[in-house]
Amino acid sequence: MAPARSLLFTAASLVAAVAAITKDVPFLPGTGAGFPSPWGSGKSPEWKEAYAKAKEFVGQLTLVEKVNLTTGTGWEADVCIGMTGSVPRLGFRGFCLEDGPLGIRYTDHNSAFPAGINVAATFSRDLMRRRGEAMGEEFHGKGIDVQLGPVAGPLGRVPQGGRNWEGFSPDPYLTGVAMAETIRGIQSRGVIACAKHYILNEQEHYRGRIDVKIDDRAMHELYLWPFADAVKADVGSVMCSYNKVMGEWACENEYTTNYLLKNELDFQGFVMSDWGAQHSTLGSALAGLDMAMPGDGGPPPYGSLWGGALTAAVLNGSVPAWRVDDMAVRIMAAYYLVHTGNYTARRPDVNFSAWTNQTAGPLHPSSNKTWALVNQRVDVQAGHAALIREIGAKSVVLLKNVNKTLPLKRPTSIAVIGEDAQDTPGGPNACPERGCIRGTLAMGYGSGTADFPYLVSPATALKLRAGAATPRRDSQTSPEAAIVFAMATAGENFITIDGNAGDRNNLTLWNGGDALIRAVASVNPNTIVVLHTVGPVVIDYAKEHPNITAILWAGLPGQESGNALVDVLYGDVNPQGRSPFTWGRDAAEYGAELLFNASDPVAPSQTFGEGVFVDYRWFEREGIAPVVAFGEGGSYTTFEYGGLKIKGYETERYQASGGVTGEAETVGKVDGGEGGWEASRAPGGFERIVPYVYPWVVGNGTAGVGNGTTGTTGMAMNGSAQPVLPAGGAPGGNPGLWEVLYTVSANIKNTGAVKGTEIPQLYLQLGGESNPFSVLRGFDEVVLEPGETKTVVFNLTRRDVSNWDTKSANWVINGEEKFVFIGSSVVNIKLHGALPALKE
Ligand code: NOJ
């Protein structure tokens with residue numbers, strides 16, 4: 001019999017039986033024997049041609065030319081936020097890397113797209129993909145090679161996490177789908193995507209020091225999951241994060257990079273460091289880092305941990321030649337992977353400077369050298385405003401709508417209240433990196449921002465709409481509707497607003513938002529609340545308040561904010577947004593804690609003791625009824641669910657991958673010995689520009705070759721064939737994980753009077769004490785005319801029904817009975833049934 005969900009929040013006994021925390025499960029990093037950095041194989045059909053081209057290219061390079069591709073030229077040394085060295089001999093310019101996940105940072109004539117959390121709230125694969133394509137087109141048009149996004153870390157372990165909004169959702173399945181669609185979109189436009197920040201980068205406080213400890217299962221089932229989807233979608237690059245994992249820096253972590261990412265997930269692209277997250281020359285090279293960003297910051301004589309220091313490390317034998325070859329091949333393979341089809345020979349020059357708004361400026365700002373026309377002001381916006389408006393509208397989550405308050409029916413008077421409705425004094429980009437709280441909120445703050453080309457505020461859009469449609473706008477009488485706007489922002493830790501150092505200190509509204517809402521509601525019986533927030537805020541009082549007739553969450557909608565909102569308020573778009581996170585009454589309700597005050601602030605550490613129980617999984621485990629459930633959101637119509645069908649397929653037994661890889665290869669010429677040192681020096685008479693980073697060696701010893709191999713073992717030097725891991729074997733992991741084992745279908749009917757979109761969600765109960773009550777494993781976007789019925793089909797893969805098993809280092813299907821729940825949110829379940837036993 002299926003567990004009764006209605007009992008969930010009342011029967012403590014059921015809750016207790018549902019799950020046990022995985023707190024004391026030991027963390028077992030693979031075999032514990034140490035791992036060399038896996039060399040890219042280019043075996044999969046998607047990467048084959050890219051690898052062949054990359055090897056041909058790298059085969060022509062000298063050691064210093066290879067190293068030049070691996071190392072940034074230094075902070076503000078070139079026009080992009082990060083730029084590698086070039087290969088002038090072959091006419092290949094350096095790679096231009098640029099933030100961020102919602103559009104191009106630090107330029108103009110670009111679009112400001114809705115944030116990750118908004119596109120997650122649409123639950124629309126189509127919009128996720130189209131947003132990725134549009135962003136890719138814009139980055140390509142500016143000459144950018146790598147877009148520094150999308151984000152799956154932070155995943156959103158804690159609701160206050162400053163950068164959660166840059167990513168998608170604390171649910172790994174939803175984030176995984178959004179990662180894959182975004183990446184495919186971006187890369188289809190000739191731009192390499194970057195899945196960041198890898199891994200366990202869940203808070204801003206102490207981000208450059210914190211050591212995170214986690215059990216193997218939570219690592220796989222939560223935090224690694226969306227990165228696996230990114231790798232399966234052939235992401236070209238991954239950015240390792242600032243924090244430590246199990247005692248080692250994430251950017252020199254043999255376990256997370258060599259073992260998990262490059263071996264188990266068979267990642268074929270390159271790993272770059274977050275800016276300044278590299279800590280050593282050898283440790284990072286041996287633990288799988290492929291590109292150092294921004295490249296400077298090392299000791300003399302190189303001023304870089306790589307650059308000439310890496311060249312010297314290869315020449316003196318501390319880093320094997322094949323490792324540097326592998327770095328260069330991986331970087332060039334990612335390049336060729338995205339430069340196919342229409343994009344084969346298209347690589348625009350970089351035509352903007354991240355470092356100045358002036359038209360003319362230095363090509364090398366850090367040394368103020370080589371003035372040129374740096375900002376060509378290429379307009380890359382195309383028709384993207386329409387898509388931005390569509391995502392903005394379709395991401396609005398209707399949290400309350402009493403007596404059909406919405407859509408608005410031509411009210412004769414509307415009061416628009418709150419700073420958050422207004423235009424920003426001084427324009428939408430008045431505060432650098434959106435580091436203030438003036439005017440309406442349409443993105444968070446920090447490096448994940450883009451400059452707005454314009455920002456349509458709600459006040460402006462409402463004035464236009466109401467002016468056009470309303471016969472009378474009489475401000476003397478009390479308004480028919482009062483729309484009150486409130487916000488809460490968050491961002492990166494280099495900006496502190498009102499005492500919030502990136503992470504939010506609490507979950508209340510900012511700028512006196514709660515008091516404002518209460519004050520308006522106390523006098524107007526038709527108070528409509530609109531929230532622009534980076535995540536959940538405490539709104540239980542507003543949900544209960546009799547004078548608050550409607551609540552909408554509009555998230556961070558980007559440049560078309562007001563227009564998108566008006567589309568929903570007036571019913572041109574029937575809301576389909578569903579909350580991509582759970583709303584509680586207090587941060588403490590979420591279980592997982594953000595470390596605000598470490599007992600050891602120099603070397604803080606934190607254990608993610610809640611294991612896989614974050615967000616709704618924790619609420620269900622603890623029997624806490626959320627204020628707004630994960631997946632919840634209203635519509636102007638109603639839907640009926642029926643006709644559940646569950647079909648199991650006969651399958652082949654799951655095969656653990658095995659065998660061995662090839663041996664590490666050196667590619668082309670290897671510069672070694674005395675000749676190597678000579679060939680790796682700057683040409684005679686070359687004048688170094690300080691602080692530019694170069695690949696050439698100085699002297700012939702180890703001077704400046706920062707040591708530090710703490711993240712690595714002796715195995716790191718071993719270039720002989722390596723065992724393939726049981727859960728590995730192809731990009732994303734063992735190909736058998738994507739085999740469809742079940743299809744589940746249901747009928748959804750629009751029972752209301754207007755067209756609408758339902759987002760049916762499939763949750764799975766994997767069974768047993770250590771599993772959450774349910775986990776999301778499917779969703780769809782179903783557009784229905786009034787009276788129309790459609791059948792929705794969900795495919796459940798082997799990975800979807802498996803748990804990570806530390807002992808066998810593989811995914812296994814436990815022997816417990818499993819249940820499927822289909823509903824309109826995690827708590828509003830309409831249909832359920834048991835999964836038939838597997839037929840293998
Ligand atoms: C640090 C941030 O963590 C990362 O997301 C960003 O891409 C780099 N800075 C470059 O701005």
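The legends below describe close-up views of a predicted model, covering its largest pocket and the surroundings of its ligand.

**View 1. The largest pocket and the residues at its centre.** The largest pocket has a volume of about 820 Å³. Its lining is made up of 40 residues. Nearest the centre of the pocket lie Asn574, Ser635, Tyr636, Thr637 and Val754.

**View 2. The elements and domains that line the largest pocket.** One helix and three strands, namely α13 (384-394), β12 (397-401), β18 (639-648) and β20 (756-758), each contribute at least two residues to the lining. Domain 2 (389-630) and domain 3 (641-656 + 732-834) each provide at least three residues of this lining. By residue class, the lining of the largest pocket holds 12 nonpolar, 15 polar and 13 charged residues.

**View 3. The shell of residues around the ligand.** The ligand is surrounded by 14 residues, of which Asp99, Arg163, Lys196, His197 and Asp274 come nearest. In this shell, five residues are nonpolar, two are polar and seven are charged.

**View 4. Polar side-chain atoms beside oxygen atoms of the ligand.** In the side chain of Asp99, a polar atom lies 2.5 Å from an oxygen atom of the ligand. For Arg163, a polar side-chain atom is found 2.7 Å from an oxygen atom of the ligand. The side chain of Lys196 has an N or O atom 2.9 Å from an oxygen atom of the ligand. Taken alone, the ligand exposes 300 Å², and the protein buries 95% of that area.

Note on methods. Residues are numbered from 1 along each chain as its sequence is written. This is a predicted model: local features need pLDDT of at least 70, side-chain atom pairs count only at pLDDT 80 or more; totals for chains, interfaces and linings use all residues. Side-chain values use heavy atoms; hydrogens and water are left out. On a 1 Å grid over the protein atoms alone, a cavity is a set of points where a 1.4 Å probe fits but cannot get out, and a pocket is an open set with protein on both sides within 12 Å along at least five of seven lines; lining residues have an atom within 4 Å of a point. Grid points are joined across faces, edges and corners, and a volume is the space filled by probe spheres set on the points. Helices (H or I, at least four residues) and strands (E, at least two) are DSSP runs, numbered from the N terminus. Ala, Val, Leu, Ile, Met, Phe, Trp, Tyr, Cys and Pro count as nonpolar, Asp, Glu, Lys and Arg as charged, and the others, Gly among them, as polar. Domain bounds come from an automatic or database domain assignment. A residue is near a molecule or strand if one of its heavy atoms lies within 4 Å of it. A polar contact is a pair of N or O atoms within 3.5 Å; within protein, one must be able to donate a hydrogen and the other to accept it, and residues adjacent in sequence count only if both atoms are side-chain atoms. Accessible areas come from the Shrake-Rupley method with a 1.4 Å probe; for residues, only the protein chains shown count as cover.
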